[in-house]
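Here are some short exercises to work through with the model open beside you. Try each task before you read its solution.

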Amino acid sequence: MNRWNREQMARRVARDIPDGAIVNLGIGLPTLVANHIPTDREVILHSENGVLGMGPAPPAGEEDYDLINAGKQPVTLLPGGCFFHHADSFAMMRGGHLDICVLGAFQVSAAGDLANWHTGAADAIPAVGGAMDLAIGAKRTFVMMEHTTKAGKSKIVAACTCPITGIGCVSRIYTDLAVIDVTPAGLRLIEMVAGLSFDDLQRVTGAPLTI
Amino acid sequence: MINKIAGSPAAALADVHDGATVMIGGFGTAGLPNELIDALIAHGCRDLTIVNNNAGNGDAGLAALLAARRVRKIICSFPRQADSHHFDRLYRAGQIELELVPQGNLAERIRAAGAGIGGFFTPTGYGTDLAKGKETRVIDGRGYVLEAPIHADFALIKAERGDRWGNLTYRMTARNFGPIMAMAARVAVASVHEVVELGELDPEAVVTPGLFVQRVVRIERAITPAAGLRRAA
């Protein structure tokens, strides 16, 4: 089966981020999106630890560990960027001031429920960070994930079996096979990887799709 | 005369008692007041409840406090990290209590304590395992969870510059929880790299007004990645 690679997925997400948007990119796969935002668009990146106007990683040797992103990696600040404390940073999320957040996920349900903080495994040490605040706070929540698990099970499900992060918060899903909108009428296919048929896609998707 | 400058981290923390709730600033290692934590370890107090975003990285700072078995309970949002081995070991052995709080709720609960708020309804966590057992309410069609303020006996925070009234400025993302933890604690202790005369801090740029701060300790700037600076500024 033909699949988009991680960079292609990131480029596809970046295409949907409009000029002027204020965006938070989650840890992991979503971080790649920053590298693909078209240069003619001005996008302001928010980092939960108190940055607006976050720039790319500094050149080797120029790292300053007082200036890091949510993944604790050194970053830079663009002209016009600023710093603020944690309560303000999360007021920006919860208060609906971010246009888009892009998050990874274990599962997304047909109703847009998101599970991305805990696998539910009994021996796992739980950690939530800012995931729950981001998921319900941004005007639009995009999820970026592999379509299936390593074992081949669909990560798009009728109902989440992993503990949820937020109810009905996901607006669009980007996988390595397809782009899918969460609508009140269910999951709607926006596009899919070349060479894949709708029936093939539906077979590896754990909830009904419409076109 | 008001003079909040303490002579040393040990002097600034001399009255921390067993069983105290201690907030510690920092997100990862940015803004983590390592010298104050070292003084807390040397002080010997135990049965502490610690409030921090994480649960220690590597072997220094907060991780060392945990390893020294001084912490009964930790309230944080993101304990599990690649280098949180001391917490992981204590947690799996049932030797530390964890209260896991979504990061924005953690920040707002701290802020609420400092602002005299008795509780607040937040949409974050509604319908999830982290809201289990908590009071909920639907307001204008949206679900909210009642969260309580987190008060502390002490806050240990890392700032950049301060004066004898306790006014503080910070450095980049080392600010993180510092300003709100200073508000929420009965005694806020700030480490700074520079103590300046009254009036030297631009009043338009003071981030934490001095009334939120009880003690200020000057710490030499260490030129290490973990201390924030790659080279002398």
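**Exercise 1.** How many residues of chain B are in contact with chain A? Then work out which helices of chain B take part.

*Solution.* Keep in mind that this is a predicted model. Start with the count: 41 residues of chain B are in contact with 31 residues of chain A, where contact means C-beta atoms within 7 Å. Next, look for elements that give two or more residues to this side of chain B: they are helix 4 (85-92), helix 5 (103-115) and helix 6 (178-184) of chain B. Helix 5 of chain B provides the largest share, five residues. Finally, sort the residues on this side of chain B by character: 19 are nonpolar, 14 polar and eight charged.

**Exercise 2.** Find the open sheet with the order 7-6-9 in chain A, and explain why strand 7 and strand 9 of chain A stand at the edges.

*Solution.* Three strands of chain A make up this open sheet, and their pairing is mixed. Strand 7 (114-115) and strand 9 (156-157) of chain A each have a single partner strand, so one side of each has no neighbour in the sheet. Now zoom in on one pair: strand 6 (residues 107-109) and strand 7 of chain A are antiparallel, with two bridges. Here A:Gln107 lies opposite A:Ala115.

**Exercise 3.** Which strands of chain B run parallel to strand 14 of chain B?

*Solution.* Begin with strand 1 (residues 5-6) of chain B, which is joined to strand 14 (residues 215-218) of chain B by two bridges in parallel. B:Ala6 has B:Val217 as its bridge partner. Then turn to strand 12 (residues 185-192) of chain B, which also runs parallel to strand 14 of chain B, through four bridges. There, B:Val189 is partnered by B:Arg215.

Notes:
Residues are numbered from 1 along each chain as its sequence is written. Chains are lettered from A and ligands numbered from 1 in the order in which they are written. This is a predicted model: local features need pLDDT of at least 70, side-chain atom pairs count only at pLDDT 80 or more; totals for chains, interfaces and linings use all residues. Two residues are in contact if their C-beta atoms, placed from the backbone, lie within 7 Å. Ala, Val, Leu, Ile, Met, Phe, Trp, Tyr, Cys and Pro count as nonpolar, Asp, Glu, Lys and Arg as charged, and the others, Gly among them, as polar. Two strands pair if DSSP finds at least two bridges between them.
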